[in-house]
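Me: I'd like to learn how to read a structure by going from single residues out to the whole chain. Could you walk me through one?

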Amino acid sequence: MTTILDGVATGATIRSEAAEAAATIRNQAGRAPGLAVVLVGDDPASQVYVGSKRRACEAAGLASFGHLLPADTPAAELFALIDRLNADPAVDGILVQLPLPAHLPTRELLERIDPAKDVDGFHPVNVGRLWIDEPGFVPCTPAGIIEMLRRYDIPLRGRRAVVIGRSTIVGKPMAGLLVRESATVTVAHSKTRDLPGLCREAEILIAAVGRAGLVDASYVAPGAVVIDVGMNRVSDRSLAERLTGGDEKRMAAFERNGSVLVGDVDYPAAAPLAAAITPVPGGVGPLTVAMLLANTVTAARRRLGLQAAAGG
Ligand code: NAD
């Protein structure tokens with residue numbers, strides 16, 4: 001029997017824990033944890049992400065401060081905004097929605113954020129802290145995956161993990177977290193030879209690639225735990241049919257929208273082999289926003305010198 005790892009339910013639990021913690025902080029400190037979200041330009045996908053982050057904050061009783069700026073905002077103005085947010089006592093977390101317009105120096109702007117408010121975990125200080133086992137902030141997607149594995153009692157200690165993808169946002173921090181959990185980790189990427197053979201050695205297989213259905217049955221050892229980070233829009237009908245297993249509702253959505261959202265894993269082929277697997281949608285996606293709230297609560301506690309409640 002394959003366990004379907006339910007990111008919607010796990011994400012909802014993490015969000016309600018964040019809401020409880022936010023209420024406690026409000027009682028103790030007289031203010032809610034606050035997240036500032038900076039969006040530059042009008043990229044539709046970014047607008048959707050920022051909207052869902054803001055709604056999640058509000059639903060959990062966190063304060064959210066939106067800074068929506070035109071696409072041609074000069075870099076100097078953004079540096080000044082980040083300086084103001086760094087100095088603002090009501091702001092515990094700062095998130096700059098990526099990608100930024102091409103004229104802006106993304107790295108320099110991310111490095112301007114106070115590491116104590118860097119709830120996305122992209123600042124080099126936090127990247128380093130992950131690798132020296134110091135408390136910092138870890139990017140929300142890999143942090144959410146570890147949290148879900150923990151909540152499903154999936155052991156990591158001593159197990160062989162393969163992470164496909166070496167991005168700064170997902171693959172590398174995922175590898176760091178798995179090492180921290182005492183897994184034995186291999187990071188695979190676009191230059192890896194015999195990727196299917198390598199992946200078949202994995203007891204924990206994490207795909208963070210951005211290639212629809214790449215991970216088919218030839219990648220999956222029987223009994224492996226398969227985590228699908230990929231979010232890919234597929235507009236080819238026969239590929240959509242194959243990767244959704246012809247699911248009626250999802251194919252109806254395909255007819256309406258001309259595309260369907262799928263992961264990096266060929267779910268119908270891989271799921272029967274796996275001991276546990278995340279679906280797309282409804283797997284890793286909902287964990288990312290949930291962990292953003294959790295990280296903002298943590299930032300507020302640290303900045304206010306408050307302890308986490310027992311078990312929190
Ligand atoms: P990225 O493009 O920065 O990195 C992709 C990685 O995959 C690279 O390291 C590359 O070497 C590797 N790769 C590319 N083609 C490969 C191949 N054929 N074989 C093996 N490795 C290959 O992407 P990213 O930001 O890490 O995102 C990866 C996927 O995860 C995307 O689909 C993205 O949309 C999704 N994502 C989802 C969430 C979420 O919340 N669910 C969050 C972040 C990213």
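Reply: Sure. Keep in mind that this is a predicted model. Let's begin with Asp194, which is exposed, with a relative accessible area of 54%. This residue sits in the loop between β6 (184–188) and α8 (195–199).

Me: What is the phi of Asp194 near, and what is the usual sign?

Reply: In general, most residues other than glycine have a negative phi. Asp194 goes the other way: its phi is positive, near 45 degrees. Asp133 is another case, with phi near 60 degrees in a non-glycine residue. Asp133 belongs to the loop between α5 and α6 (140–151), and at 53% relative accessibility it counts as exposed.

Me: And peptide bonds: which ones are cis here?

Reply: The general idea first: most peptide bonds are trans. Here the bond from Leu98 to Pro99 is cis, with omega near 0 degrees. Val280 to Pro281 is cis too, again with omega near 0 degrees. As for location, Pro99 is in the loop between β4 (93–96) and α4 (106–112), while Pro281 is in the loop between β11 (276–277) and α12.

Me: How do I read burial? Take Asn126: buried or exposed?

Reply: Look at relative accessible area; under 20% means buried. Asn126 has 1%, so it is buried. Its home is helix α5 (residues 124–131).

Me: Which polar partners does the side chain of Asn126 have?

Reply: Look for pairs of N or O atoms within 3.5 Å. The side chains of Asn126 and Asp118 make a polar contact of 2.7 Å. A polar side-chain atom of Asn126 is also 3.2 Å from the backbone oxygen of Pro115. Setting aside neighbours within four places in sequence, Asn126 touches Pro115, Asp118, Gly121, Gly136 and Phe137.

Me: What about Asp266, buried or exposed?

Reply: Buried, at 4% relative accessibility. Asp266 is in the loop between β10 (260–262) and α11 (267–270). Beyond its neighbours within four places in sequence, its contacts are Gly213, Val215, Asp216, Arg242 and Leu243.

Me: Now the ligand. Which residues come nearest?

Reply: There are 20 residues around it, and Arg166, Ser167, Val229, Met231 and Thr288 come nearest. By type, that shell divides into eight nonpolar, 10 polar and two charged residues.

Me: Which polar atoms face the ligand's own N and O atoms?

Reply: Go through them by distance. A polar backbone atom of Arg166 is 2.8 Å from a ligand oxygen. An N or O atom in the side chain of Arg211 is 3.3 Å from a ligand nitrogen. Asn232 places a polar side-chain atom 3.5 Å from a ligand oxygen. The protein buries 73% of the 850 Å² that the ligand exposes when taken alone.

Me: Zooming out, how many helices and strands are there?

Reply: The chain has 12 helices and 11 strands. Its radius of gyration is 20 Å, close to the 20 Å from the globule rule for 312 residues, so the chain is as compact as a globular protein of that length. The C-alpha trace spans about 50 × 45 × 35 Å along its principal axes, and buried residues make up 49% of the 312.

Me: And how do I read contact separation along the sequence?

Reply: Take the contacts with a separation of 6 or more: 71% of them join residues 24 or more positions apart. Sequence distance can also go with distance in space: Ala309 and Asp42 are 267 residues apart in sequence and 40 Å apart, C-alpha to C-alpha. Ala309 is in the segment after α12 (285–304) and is partly exposed, at 48%.

Technical notes. Residues are numbered from 1 along each chain as its sequence is written. This is a predicted model: local features need pLDDT of at least 70, side-chain atom pairs count only at pLDDT 80 or more; totals for chains, interfaces and linings use all residues. Side-chain values use heavy atoms; hydrogens and water are left out. Helices (H or I, at least four residues) and strands (E, at least two) are DSSP runs, numbered from the N terminus. Buried means under 20% relative accessible area, exposed over 50%, partly exposed in between (1.4 Å probe, protein chains only). Contact means heavy atoms within 4.5 Å. A residue is near a molecule or strand if one of its heavy atoms lies within 4 Å of it. A polar contact is a pair of N or O atoms within 3.5 Å; within protein, one must be able to donate a hydrogen and the other to accept it, and residues adjacent in sequence count only if both atoms are side-chain atoms. Accessible areas come from the Shrake-Rupley method with a 1.4 Å probe; for residues, only the protein chains shown count as cover. Ala, Val, Leu, Ile, Met, Phe, Trp, Tyr, Cys and Pro count as nonpolar, Asp, Glu, Lys and Arg as charged, and the others, Gly among them, as polar. The radius of gyration is taken over C-alpha atoms; the globule rule is 2.2 Å times the number of residues to the power 0.38.
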